[in-house]
Structure formats: C-alpha cells, structure tokens
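Ready to practise reading a protein model? Try each exercise on your own, then walk through the worked solution.

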Amino acid sequence: MSFLKRLKNVFSGEKEPEKKDKSTKSEESKPPVEEKETKVQENAKEVQEKSKETKKAGTEKSVKDKPEKTTSTEKTQSKEDKPQKTKDKTDSEEKKPEKAETNESVKSEDKPKKERSESMTLLQKDRTIVTRSDVDENFKQEIMDAGAETVAICFQCGTCTAACPSGRRTPYRIRQLVRRAVMGLKDDVISDDSIWMCTTCYECQERCPRGIKIVDIVKIVRNYAAQAGYMGQAHKMVGSFVIKTGHGVPINPATKELRKRVGLDELPPTTHSFPGALDEVQGIVKATGFDNLIGYNWDTEAID
Amino acid sequence: MAEQEFAYFLGCIMNNRYPGIEKATRILFDALDVGLKDMEGASCCPAPGVFGSFDRTTWASIAARNLTIAEEQGNDIMTECNGCFGSLFETNHMLHEDPEMKEKINKVLAEVDREYKGEIEVRHFAEILYNDVGLEKLTEKMIKPLNLNVAVHYGCHFLKPSSEIGIDDPIQPSILDELVEITGAKSVPYKDKMMCCGAGGGLRSRDIDVTADFTKEKLTNMRDAGADAIVNVCPFCHLQFDVGQVETNEKFGTDFDIPVFHLAQLYGMAMGVSKDDLTVDAHQISTDPALKKLDEITGGE
C-alpha cells in the first residue's frame, strides 16, 4: 500500500491531498484496504485491455478520456488508473509500439503539471513516443541473417547492462539496444550515438543467461549505422590508413629509428615492405566497396 | 631447425610503435628453440573496432587474406596482440562454421587470387607459452628474478568470447598470473581486474574522454593495490596504459606513473635483455622506477 501511496504522490503531485479526501468519501461504502489493492490490479488489466482497444480506436479514446476525469464519480478510478497507466508507459516503450497511443493521452494530461515534472527529469526522459511508422519489420530478421540469430531469444533480464563498463559512465544501455533492435526501431537505434560507446569487451556476452551473441549484435547494428552514414571521422581515418598503407597504425620515423637500433629491419615484413601485398588489400576494399563506404579518394589518398 | 614453427603475425602497434616487444619475442623464441616465420606482406588484422563495426565483409576478407599467408606456410599463426587475435581467431572460426560466409569471402579473395581453405589455427603468444612450451621450460630461461608487484591486465579479446576461444575462465582466469609469476614478480589482486582498458571497439578514436575514464578507473585500482608495474599481452592495451596514462593525467589532473610492460618485455627483463633492446626508453610513462627496483636487488647481491 505504501508503494501505491508513493506512486500516487509521484504522479498526482500537489493535487494529491484534495483528491484523497474525495476518494475516501466515495469509497466509504466499499470494502477495506486489501480489496482496494486487488481492485487496482484489476484496473491494471482493464487498462491493458483498454490500450488494446485504443489500437483500434485510439483517437476516440483519448478524446473520451478527458471528460471522464472531470466527473467526480469516476475520479477514484481514474486516479488509480494513472500510476498503472504511466507505469505501463515505461514498459510500453519496449513492448508494443501501438500502446504509445494510450501514452499520448497520458502525456497530454500530465503537461499542465509542469511544476512537479521539472523535478522528475529522470522519469520524463523515458517518454519517447513510438509509433508504427518507426518500426522496420525486417530489422530483427536482418540482424539474425547477419549472424546473430540469438537476438530473438533475449528475455530482457538486464544482466548485460549490469555488466557493462561503458554503461557505468555513458548513456549506452545494451539491454535497450537489443530490445529496440528486436522491435525494429532501426532508425532510432542506428542514429543513436551511444552505440559507439561499446568497447566490445564481451562482459555482457559472457554473463548472458541466454547465450546471446551480444557483441555481434552491436557490430551488426553498427554496420547498418555505417551504411546510413553515421560514421565517426576518426574511424574513417583509421580505415583510410589501412587502404593507404595496409596498417591502421602505420610506421613513423621515430619507430623506424627504434627498429634499426634494436637490429630489426627498419620496415616490418608487412605491407610496408611488400607493395604487391598492399595492392591485394586495396583490391579487397574495392571489391567490397569499403572505399566508397568511408569516402576514400584514391587520388588524394584521403577521406573526402 | 626448430621443432615447432609458427607464422608470426605482427599487426600494427607492436611493430610500428613498440618494436621492443617484437625484439624481446624474437629473443625469447630463439632461446626456447621455437621457430617464428615472418608472414611476408601481412597487413592490419584489420582492427575489429573499425572494420568489424563498419563492414563485416571487408573485415573478414582482409583477415582471411592474412590467414591465407599462414596457410601457404602451413603454420599456425602466433600473434601477441589481443585485437589481432580477436580478428583473426574470430574470422577463422566463423569461416569454419559458416560455409555461406566462407563462399562469400572467397569470392572477394578471388579478386586478388587468394583462397581461404581453413587449414590453420590462430593462437595467442601467451597461450602458446603456457600450453606448448610449458612453465617449466620457460622458467629455465628466466635468470634474473624480478622483485616487482605487478598488476596483470588480461584485456578482452585474449579470453573472450570464451565459448569460442576456451583458453581460460573469462571471469576468474589464472593463466597470465602464472605466466607472470615465474619471473619472480608477484601478481597483485586488484579491483575489477578483468575490466577493459577502454581503448577497444573503436572507442579510443570515437570518444577519447570515455576511454580515458575507463583507464582512470583501472589505474586507480592498480595503484590502490600497490602495483609497481602493469603487465599486458596486447600492444593496444599497452598503448592505452602508456600513452593513455598521460592523457588520463592531463584530462583528470591525476598523477599516475605506473610503468607498463608487455609480457614479452617482462620476460626480456627476466632474461637479462638490455633495456635498450626492449625499447622501454621510448615509453611515454617512464619505466625507470620499476627498473630501479630491480637494480636494488641485483646491486645488493
């Protein structure tokens, strides 16, 4: 019960005490506390069913919603509905995009209560509205076909995020990335800068109770991001070094001196010493189109 | 002729930045009578963070080309870089398991008259020393006991993904600690020992501040444990702890000065190889405090 109370406080803000009076009055005839909780749960079910209806008649509902709230008889129910609905909201971002329509109505209700929402920035952050148009139905299958079939069996336990050293210091959330990818929110995922915060350290994958190849998922998602043009300039530069010299970190004069000093050949026996070998590497990047992908200019030997 | 021979994959950072690691490795393998054959014309592995993240086909094709050089030799590959090991091992594994991918990559390789056959294994320097050479034979070559407290850094791609690599337990391994302690050095336990240095996955070039924040956490934990030096088995981690330590100090106003050695350099020190040959003087973080500590002991003998 105290949890519910807290939720009420959180979501109904200053209006709370006033409302509470009314609710006690209107519930005088009703059975005591425990049953009330059951009722809330039933309400939650109702809400879920409602949101399914909303799918079909979303606009109709949100219009209907507001007048309901003003009638005092309905007040108790609508008040208890709210936390459930809003909670539902946080989940719904990851469940079914369709539910977002219900959320929209919640959001518009909340807007006037700006005073308190300003102190709740952490909760507000999750209020991204997802609709059908954001969903690319093929994305999950594309990831599976690219070699990460296991993406489909994620049950969202969050062990991955808990293990992630990058998540401790950046907005990168690997569990969310996987979920959004499975939902098909392709544009959302590939345009997210935080996907580049993964160091591919495999801590998530080692701990995943489902044995999901999480790092492969990250790399595949990044491949799509790269195709869509979300590439860091410094990454393109590393790519260009490999095209130009065969090495991501090519030799420099200081190291040449060091190599000579310790009795090694000034240039290592790699593409640095074998021009024909470099031709092969360049042939490969031409064949795969990597040169175009990073915008490599063969004349200037630099990124355009 | 040595009984055993490996195709020696150099990569980029070791040979093009820290040649003392390469030198020490050649000296060590000579002493162990294990052959190292140069992979002429090998390239970047290529870097998993950039190539693997941008285009897996290009990544696997360039890696497979490197594998074909070793196939021509008929030798298993040895690399002493976790990143190179990751790229080459993973590509080799993938092309073994996935015939479709193999066909796709061979189509690319055909453009440069090469074909991946899948005849060799990719192996890590430290794992070869542990499993093939053995601690006993290795210990015989260590003539100068190292009185150092060492923070062992495993890095990520040496043991992980463990379901494919299977060298040691990825969460509580002991292979490197054992390899370090035969020199007389003590591997000190420290908090979050298995944590990444922060450089991998393309993060160092994408957002160096985040990378430095990783490194700061590692360095803090290493210093708290009283480490005289950091020992790694990856030139990229090596670079991150060396160059990145300076960057961390600049960004956060810290004063870390923990010397950094690749395992091959540590063995070099224990074998009495000169510090000139180990090129430790070219490190950004002075190795003198660690070397001085060694001199104190030998000076007193």
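**Exercise 1.** Find which residues of helix H15 (residues 253-261) of chain A are buried, and work out how they are arranged around the helix.

*Solution.* Keep in mind that you're looking at a predicted model.
- Step 1: pick out the buried residues of H15(A), which are A:Thr255, A:Leu258 and A:Arg259.
- Step 2: look down the axis of H15(A); these buried residues fall within an arc of 100°, so they line one face of the helix.
- Step 3: recall a handy rule. An α-helix has 3.6 residues a turn, so residues three or four places apart point the same way.
- Step 4: turn to the other side of H15(A), where A:Pro253, A:Glu257 and A:Lys260 are exposed.
- Step 5: ask what lies over the buried residues of H15(A). The cover includes helix H1 (13-17) and helix H2 (19-32), both from chain B.
- Step 6: go past the end of H15(A) to A:Gly263, which has a positive phi, near 85°.

**Exercise 2.** Do the same for H16(A): check its span, then find its buried side and what packs there.

*Solution.*
- Step 1: take the span. H16(A) has 14 residues and reaches 20 Å from its first C-alpha to its last, close to the 20 Å expected at 1.5 Å a residue.
- Step 2: list the buried residues of H16(A): A:Ala277, A:Leu278, A:Glu280, A:Val281, A:Ile284, A:Val285 and A:Thr288.
- Step 3: check where they point. They cover an arc of only 155° around the axis, which puts them on the same side of H16(A).
- Step 4: on the other side of H16(A), you'll find A:Pro275 and A:Gly276 exposed.
- Step 5: look for the packing partners of the buried residues of H16(A). From chain A these are H14 and H17, and from chain B they are helix H4 (56-73) and helix H6 (99-110).
- Step 6: step just past H16(A), and A:Gly289 shows a positive phi of about 80°.

**Exercise 3.** Describe the side of chain A that touches chain B: how many residues take part, and which elements do they come from?

*Solution.*
- Step 1: count the partners. 51 residues of chain A are in contact with 57 residues of chain B.
- Step 2: find the elements of chain A giving two or more residues to this side. They are helix H12 (203-207), helix H13 (214-227), helix H14 (233-245), H15, helix H16 (275-288) and helix H17 (290-293).
- Step 3: see which one gives the largest share. That's H16(A), with nine residues.
- Step 4: sort this side of chain A by class, and you get 27 nonpolar, 17 polar and seven charged residues.

**Exercise 4.** Now stay inside chain B and describe how its two parts, domain 1 (4-125) and domain 2 (141-300), meet.

*Solution.*
- Step 1: start with the distance. The centres of domain 1 and domain 2 of chain B, taken over C-alpha atoms, are 24 Å apart.
- Step 2: count the contacts: 28 residues of domain 1 of chain B are in contact with 28 residues of domain 2 of chain B.
- Step 3: ask who supplies the domain 1 side. H1, H2, helix H3 (48-54) and helix H5 (82-97) of chain B each give at least two residues.
- Step 4: H2(B) gives the most to that side, with ten residues.
- Step 5: split the domain 1 side by class: 15 nonpolar, ten polar and three charged.

**Exercise 5.** Track down the unusual backbone spots in chain B: where are B:Pro46, B:Pro161, B:Asp33 and B:Asp192?

*Solution.*
- Step 1: B:Pro46 sits in the loop between strand S2 (34-38) and H3 of chain B. The peptide bond from B:Cys45 to B:Pro46 is cis, with omega near 5°.
- Step 2: B:Pro161 lies in the loop between strand S5 (149-153) and helix H9 (162-165) of chain B. A cis peptide bond joins B:Lys160 to B:Pro161, with omega about 0°.
- Step 3: B:Asp33 is in the loop between H2 and S2 of chain B. Its phi is positive, about 60°, although B:Asp33 isn't a glycine.
- Step 4: B:Asp192 belongs to the loop between strand S6 (186-187) and helix H11 (203-206) of chain B, and has a positive phi near 50°.
- Step 5: decide whether these two are buried or exposed. B:Asp33 has 12 other C-beta atoms within 10 Å, so it is exposed. B:Asp192 also has 12 other C-beta atoms within 10 Å, so B:Asp192 is exposed.

Terms used: Residues are numbered from 1 along each chain as its sequence is written. Chains are lettered from A and ligands numbered from 1 in the order in which they are written. This is a predicted model: local features need pLDDT of at least 70, side-chain atom pairs count only at pLDDT 80 or more; totals for chains, interfaces and linings use all residues. A residue is buried if 20 or more other C-beta atoms lie within 10 Å of its own, exposed if 12 or fewer, and partly exposed in between; C-beta atoms are placed from the backbone. Helices (H or I, at least four residues) and strands (E, at least two) are DSSP runs, numbered from the N terminus. The arc is that of the directions from the helix axis to the C-beta atoms. Two residues are in contact if their C-beta atoms, placed from the backbone, lie within 7 Å. Domain bounds come from an automatic or database domain assignment. Ala, Val, Leu, Ile, Met, Phe, Trp, Tyr, Cys and Pro count as nonpolar, Asp, Glu, Lys and Arg as charged, and the others, Gly among them, as polar. The expected span of a helix is 1.5 Å times one less than its number of residues.
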